[in-house]
Amino acid sequence: MPKSAPSASPIFPEPQIITTTEALAALCAKLVHEPFVTVDTEFVRERTYYPELCLVQLGGTDDVAVVDALAPGLDLSPLATLLDAPECVKVLHAARQDLEIFLHLFGRLPVALFDTQVAAMVAGYGDQVGYDNLVGAITGVAIDKAHRFSDWSARPLSAAQIAYAAADVTHLRLVYVALRDELARAGRLDWADAEQAVLRDTTLYRPDPSTLWERLRPRVNNRRVLGVLREIVAWREREAQTLDLPRQRLIRDESLLEISANQPATAEALARVRGLTRGFAEGRSGQGLLGAIRIAKALPEDDLPRAPRRHEGAKPSSAMVALLKVLLAAQCEMHKVAPKLVASSDDLDKLALGETDIAPMQGWRRSVFGDEAQALLRGELALGAGPRGIRLIRTTSSDA
């Protein structure tokens with residue numbers, strides 16, 4: 001059960017500002033020998049495809065550092081060495097964007113990761129709990145988030161910005177220790193590790209451009225149209241990376257859907273697409289886009305994609321899905337784990353339709369929810385209301 005610590009504010013070391021390679025190397029050489037180090041980043045991404053790293057915050061036992069990643073001449077390679085160290089656990093909160101930055105910078109992901117947001121879900125602190133809420137729940141300290149939307153690329157940094165950035169790795173040390181100990185007592189460290197395994201998959205941060213078209217959810221079944229959409233979405237991804245521009249700034253999803261339907265063959269026709277300019281259509285990017293359209297139009301029929309599979313045929317009983325939702329909430333309440341971590345709405349639909357090759361029927365999720373869900377579907381389990389919440393009632397007949 002989540003518990004709050006006394007609300008007295010802990011005392012942390014004063015943050016040091018790192019602006020030289022020598023100072024960063026000395027700090028990382030010290031931190032690498034610690035059992036764990038807390039890590040966070042501040043970045044801006046409104047104008048670029050890749051996040052522009054502005055700060056890296058590091059927290060150790062006796063050190064709190066704010067690394068100015070924009071400092072002239074600063075070489076971040078000592079940080080890569082620290083992130084590579086297998087004996088030093090790197091603790092982050094909601095780590096995906098931070099890890100994407102490190103993968104882009106260093107060509108590899110940090111090792112020995114611990115994501116406190118994932119761990120908090122396993123420990124029952126709710127779905128995707130924010131850092132400030134988690135710090136409050138565990139330490140009783142209120143985090144000031146007034147600088148959350150700062151322009152971290154602007155210099156000089158204010159004292160308030162530095163204090164805000166440092167707070168993201170100081171309180172995180174207390175959160176990590178509390179969560180680690182709580183999960184160890186509950187025998188759930190392996191649960192957390194299993195959930196964090198996905199963070200170590202580089203395809204999470206570098207998706208295959210040829211698969212991104214499905215995210216646009218096209219409402220057509222024409223395979224030629226889908227083939228054009230696949231090619232032009234992949235072209236946009238590669239072009240956005242080359243130009244380091246946000247995808248939507250280069251060309252919006254709505255324009256790509258229109259292009260896939262109309263399949264313009266000339267710059268003049270391309271310029272008539274809503275959201276595109278003549279300058280774009282006649283320029284290098286426009287010619288590349290037209291080339292992608294030509295490639296797709298020349299593909300053999302067998303090489304064209306099919307529409308993404310949607311729920312077809314039998315529909316699950318809405319009443320049965322509702323019962324499964326109640327059971328999921330009850331089981332997760334009893335086991336003190338976030339429901340979103342155990343089963344999605346799509347999982348519940350599939351369970352109600354009799355599918356078993358899904359996440360809730362595997363690993364620890366099966367013992368928390370999957371087996372009981374199957375018992376409910378077989379009529380061997382009923383749900384009742386009691387003074388302390390939902391009661392599970394074992395039935396004597398599969399016809400119940």
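**Pockets, a cavity and a domain contact in a predicted model**

Author: In this predicted model, the largest pocket has a volume of about 1,100 Å³. Its lining takes in 37 residues, and those closest to its centre are His93, Ala94, Ala95, Gln97 and Gln117.

Reader: Which elements give two or more residues to the lining of the largest pocket, and which of them gives the largest share?

Author: Two or more lining residues come from each of strand E2 (36-44), helix H3 (96-106), helix H4 (116-122), helix H5 (131-139), helix H6 (159-186) and helix H15 (339-342). The largest share, 6 residues, is that of E2. Sorted by class, the lining holds 16 nonpolar, 7 polar and 14 charged residues.

Reader: What is the volume of the second largest pocket, and which residues lie nearest its centre?

Author: The second largest pocket encloses about 440 Å³ of space. Among its 17 lining residues, Arg45, Glu100, Tyr205, Arg206 and Pro207 lie nearest the centre. Two or more residues of this lining come from H3 and from helix H8 (223-243), with H3 giving the largest share, 5 residues. The classes here are 6 nonpolar, 4 polar and 7 charged.

Reader: From which domains does the lining of the second largest pocket draw at least three residues each?

Author: Those domains are domain 1 (16-204) and domain 2 (209-298), each of which supplies at least three residues to the lining. The domain assignment of the chain also gives a domain 3, which spans 318-394.

Reader: What makes arginine 45 and glutamate 100 a salt bridge, and what does the pair tie together?

Author: A salt bridge requires a side-chain nitrogen of Lys or Arg within 4 Å of a carboxyl oxygen of Asp or Glu. For arginine 45 and glutamate 100 the closest N and O atoms are 2.7 Å apart, and the pair is counted as a salt bridge. Arginine 45 sits in the loop between E2 and strand E3 (52-59) while glutamate 100 belongs to helix H3, so the pair ties together parts that are 55 residues apart in sequence. The structure as a whole holds 21 salt bridges.

Reader: How do you know that domain 1 and domain 3 are in contact, and which residues supply 53% of the area that domain 1 buries there?

Author: Contact is taken as heavy atoms within 4.5 Å, and by that rule 10 residues of domain 1 are in contact with 10 residues of domain 3. The C-alpha centres of these two domains lie 35 Å apart. Between them about 890 Å² is buried, with carbon and sulfur atoms giving 59% of that area. On the side of domain 1, Met121, Trp191 and Glu195 supply 53% of the area buried against domain 3, more than any other three residues.

Reader: How many salt bridges are there between domain 1 and domain 3, and why does the pair of glutamate 195 and arginine 365 earn that name?

Author: The count between domain 1 and domain 3 is 1 salt bridge. The side chains of glutamate 195 and arginine 365 meet at 2.5 Å, N to O, and the pair earns the name because the limit is 4 Å.

Reader: How many cavities of 30 Å³ or more does the structure hold, and what makes a space a cavity and not a pocket?

Author: The structure holds 1 cavity of 30 Å³ or more. A space is called a cavity when a 1.4 Å probe fits but cannot get out, whereas a pocket is open. The largest cavity has a volume of about 40 Å³. Its lining consists of Ala80, Leu83, Asp84, Phe106, Arg108, Leu109 and Pro110, with 3 residues from helix H2 (residues 77-84), which gives the most. By class this lining has 5 nonpolar, no polar and 2 charged residues.

Reader: What is notable about the phi of alanine 94, and which residues are joined by a cis peptide bond?

Author: Most residues other than glycine have a negative phi, and most peptide bonds are trans. Alanine 94 has a phi near 50 degrees, a positive value in a residue other than glycine, and alanine 94 lies in the loop between strand E5 (89-92) and H3. The cis peptide bond joins arginine 155 and proline 156, with omega at about 5 degrees, and proline 156 is found in the loop between H5 and H6.

Technical notes. Residues are numbered from 1 along each chain as its sequence is written. This is a predicted model: local features need pLDDT of at least 70, side-chain atom pairs count only at pLDDT 80 or more; totals for chains, interfaces and linings use all residues. Side-chain values use heavy atoms; hydrogens and water are left out. On a 1 Å grid over the protein atoms alone, a cavity is a set of points where a 1.4 Å probe fits but cannot get out, and a pocket is an open set with protein on both sides within 12 Å along at least five of seven lines; lining residues have an atom within 4 Å of a point. Grid points are joined across faces, edges and corners, and a volume is the space filled by probe spheres set on the points. Helices (H or I, at least four residues) and strands (E, at least two) are DSSP runs, numbered from the N terminus. Ala, Val, Leu, Ile, Met, Phe, Trp, Tyr, Cys and Pro count as nonpolar, Asp, Glu, Lys and Arg as charged, and the others, Gly among them, as polar. Domain bounds come from an automatic or database domain assignment. Buried area is the accessible area (1.4 Å probe) that two parts lose on being put together, summed over both.
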